[in-house]
Amino acid sequence: MQLSTAHHDERLTAPRSWWGIAVMTGLACALMLLPLGTLPLLAGLVGGTALAGLVVSSYGSARVRVVNGALAVGDARIPVSALGEPEVLDAEEARAWRTYKADTRAFMLMRSYVPTAVRIEITDPADPTPYVYVSTREPQALVSALRAARAA
């Protein structure tokens with residue numbers, strides 16, 4: 001068995017404004033503990049900022065990869081042999097597929113802060129999932145990697 005040389009690796013990180021919100025959450029925690037003294041204030045600042053930063057980091061650390069003949073999106077691994085032709089979605093079309101065109105059976109890795117996406121039909125008749133929707137900042141690169149992996 002020959003492994004595919006097609007490769008795409010992208011990490012969908014949270015926008016900078018979300019990190020600012022995490023710092024503001026830490027400041028809010030510090031202000032709530034202000035009446036208790038300096039040490040609780042500092043503990044609230046550090047603890048609140050760290051906890052909010054952990055939430056932002058865990059949500060914003062989704063990975064989109066095409067490696068070894070499979071599309072790895074978040075925790076899912078889908079062989080490219082089970083995928084149809086990928087479709088690049090611009091910002092307006094991606095919003096439509098996230099909202100009124102969406103199918104509840106679809107596998108979706110969507111991040112609202114990423115305007116573009118790729119939609120790929122599932123061709124496996126045994127799979128009830130109609131398509132995969134993947135938010136990506138590099139839709140053309142993802143489509144190229146999927147096509148190269150399928151051709152390999």
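**Exercise 1.** Is Pro130 buried or exposed?

*Solution.* The model is predicted, and the classification rests on relative accessible area.
Step 1. A residue counts as buried when its relative accessible area is under 20%.
Step 2. Pro130 has a relative accessible area of 16%.
Step 3. Pro130 is therefore buried.

**Exercise 2.** Describe the surroundings of Pro130 along the chain and in space.

*Solution.*
Step 1. Pro130 belongs to the loop that joins S7 to strand S8 (131–135).
Step 2. Setting aside residues up to four places away in sequence, Pro130 touches Asp103, Arg105, Ala106, Glu121 and Ile122.
Step 3. A further distance can be given for Ile120, which is 10 residues from Pro130 along the chain: the two C-alpha atoms are separated by 8.8 Å.

**Exercise 3.** Determine the strand order of the sheet that contains S8, and identify its edges.

*Solution.*
Step 1. The sheet is open and has four strands, in the order S5-S7-S8-S6, with mixed pairing.
Step 2. Its edge strands are strand S5 (83–89) and S6, each of which pairs on one side only.
Step 3. From one strand to the next, the twist averages 15°.
Step 4. Strands of a sheet pair through backbone hydrogen bonds, in either a parallel or an antiparallel sense.
Step 5. For S6 and S8 the sense is parallel, and three bridges are found between them.
Step 6. Phe107 has Val132 in S8 as its bridge partner.

**Exercise 4.** Carry out the corresponding analysis for the sheet that contains S1.

*Solution.*
Step 1. This open sheet consists of four strands in the order S1-S2-S3-S4, and the pairing is antiparallel.
Step 2. Strand S1 (8–12) and strand S4 (76–79) form the edges, each pairing on one side only.
Step 3. The twist from one strand to the next averages 10°.
Step 4. S1 and strand S2 (residues 62–67) run antiparallel and are joined by five bridges.
Step 5. Arg11 has Arg63 in S2 as its bridge partner.

**Exercise 5.** State which strands helix H4 lies across, and at what angles it runs.

*Solution.*
Step 1. Helix H4 (residues 139–151) lies across S5, S7 and S8, and runs at about 165° to S5.
Step 2. H4 also lies across S1, S2 and strand S3 (70–73), where the angle to S2 is about 35°.
Step 3. The strands named in the first step belong to the sheet ordered S5-S7-S8-S6, and those in the second to the sheet ordered S1-S2-S3-S4.

**Exercise 6.** Locate Arg111 and examine its charge environment.

*Solution.*
Step 1. Arg111 lies in the loop between strand S6 (107–109) and strand S7 (117–122).
Step 2. Arg111 is buried yet has no salt bridge.
Step 3. A salt bridge requires a side-chain nitrogen of Lys or Arg within 4 Å of a carboxyl oxygen of Asp or Glu. For Arg111, the nearest side chain of opposite charge is that of Asp75, 9.2 Å away.
Step 4. Apart from neighbours within four places in sequence, the residues in contact with Arg111 are Leu12, Tyr59, Ala62 and Ser135.

**Exercise 7.** Summarise the protein as a whole.

*Solution.*
Step 1. The secondary structure comprises four helices and eight strands, which follow one another from the N terminus as β-α-α-β-β-β-β-α-β-β-β-α.
Step 2. The radius of gyration is 20 Å, whereas a compact globule of 152 residues would have one near 15 Å.
Step 3. Along the principal axes, the C-alpha atoms fill a box of roughly 65 × 40 × 25 Å.
Step 4. Of the 152 residues, 38% count as buried.
Step 5. Among contacts between residues at least 6 apart in sequence, 67% join residues at least 24 apart.

Technical notes
Residues are numbered from 1 along each chain as its sequence is written. This is a predicted model: local features need pLDDT of at least 70, side-chain atom pairs count only at pLDDT 80 or more; totals for chains, interfaces and linings use all residues. Side-chain values use heavy atoms; hydrogens and water are left out. Helices (H or I, at least four residues) and strands (E, at least two) are DSSP runs, numbered from the N terminus. Buried means under 20% relative accessible area, exposed over 50%, partly exposed in between (1.4 Å probe, protein chains only). Lys and Arg count as positive and Asp and Glu as negative; His and the chain ends are not counted. Contact means heavy atoms within 4.5 Å. Two strands pair if DSSP finds at least two bridges between them. Axes are lines fitted to C-alpha atoms, for helices over the stretch in contact, and angles run from 0 to 180 degrees between N-to-C directions. The radius of gyration is taken over C-alpha atoms; the globule rule is 2.2 Å times the number of residues to the power 0.38.
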